[in-house]
Amino acid sequence: MYTTGQLAQKCNVSIRTIQYYDRRGLLHAKRTENGLRHYNDQDLKQLQEILIYKQLGFNLKDIQQIINDTDNNTLKSLIVNQRRKSSRKLKTLQNN
């Protein structure tokens with residue numbers, strides 16, 4: 001089990017980021033009797049995936065859809081769209 005601080009440190013993000021993702025439903029903390037959040041190894045993996053998707057340029061709404069999609073159709077569709085956006089951006093940058 002990891003505290004919010006430990007999870008944040010492991011993934012090099014702020015505690016506020018962890019708390020925000022928890023409020024958005026991207027992470028699912030187990031609460032202690034005092035209300036402290038605790039995370040397990042599955043949550044660590046989930047956070048690492050979220051951070052990878054963020055690096056790929058996906059917004060949190062898209063990431064939520066990816067996480068909730070069991071057959072990866074959403075991911076495939078979003079990757080195609082992200083690729084198109086990147087190609088358009090590259091063309092725009094090359095033309096300037």
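Which residues are exposed on the other side of H2? The legends below lead to the reply, using a predicted model.

**View 1. The whole protein chain, with five helices and three strands.** Followed along the sequence, these elements come in the order β-α-α-β-β-α-α-α. The radius of gyration is 16 Å, well over the 12 Å that the globule rule gives for 96 residues, so the protein chain is more spread out than a compact globule. Its C-alpha atoms fill a box of roughly 55 × 30 × 20 Å along the principal axes. Of the 96 residues, 30% count as buried.

**View 2. The buried side of helix H2, residues 15-24.** Here you meet Ile-18, Tyr-21 and Asp-22, the buried residues of this helix. They sit on the same side of H2 because they cover an arc of only 100° around the axis. An α-helix has 3.6 residues a turn, so residues three or four places apart point the same way. The packing partners of the buried residues of H2 are H1, strands S2 (30-31) and S3 (37-39), and helices H3 (41-55) and H4 (60-68).

**View 3. The other side of H2, and what follows the helix.** Now for the opening question: Arg-16 and Arg-23 are the exposed residues on this side. After H2 comes Gly-25, with a positive phi near 85°.

**View 4. Confidence in the model, from helix H1 to helix H5.** The mean pLDDT of the protein chain is 89, and 100% of its residues reach 70 or more. Among the elements, helix H1 (residues 4-11) has the highest mean, 96, while helix H5 (residues 73-95) has the lowest, 82.

Key
Residues numbered from 1 in each chain as written. Predicted model: local features only at pLDDT ≥ 70, side-chain atom pairs only at ≥ 80, totals over all residues. Heavy atoms only, no water. pLDDT = per-residue confidence, 0-100. Helix = DSSP H or I, 4+ residues; strand = E, 2+ residues; numbered from the N terminus. Buried < 20%, exposed > 50% of the residue type's maximum accessible area, 1.4 Å probe, protein only. Arc of directions from axis to C-beta. Contact = heavy atoms within 4.5 Å. Rg over C-alpha atoms; globule rule 2.2 N^0.38 Å.
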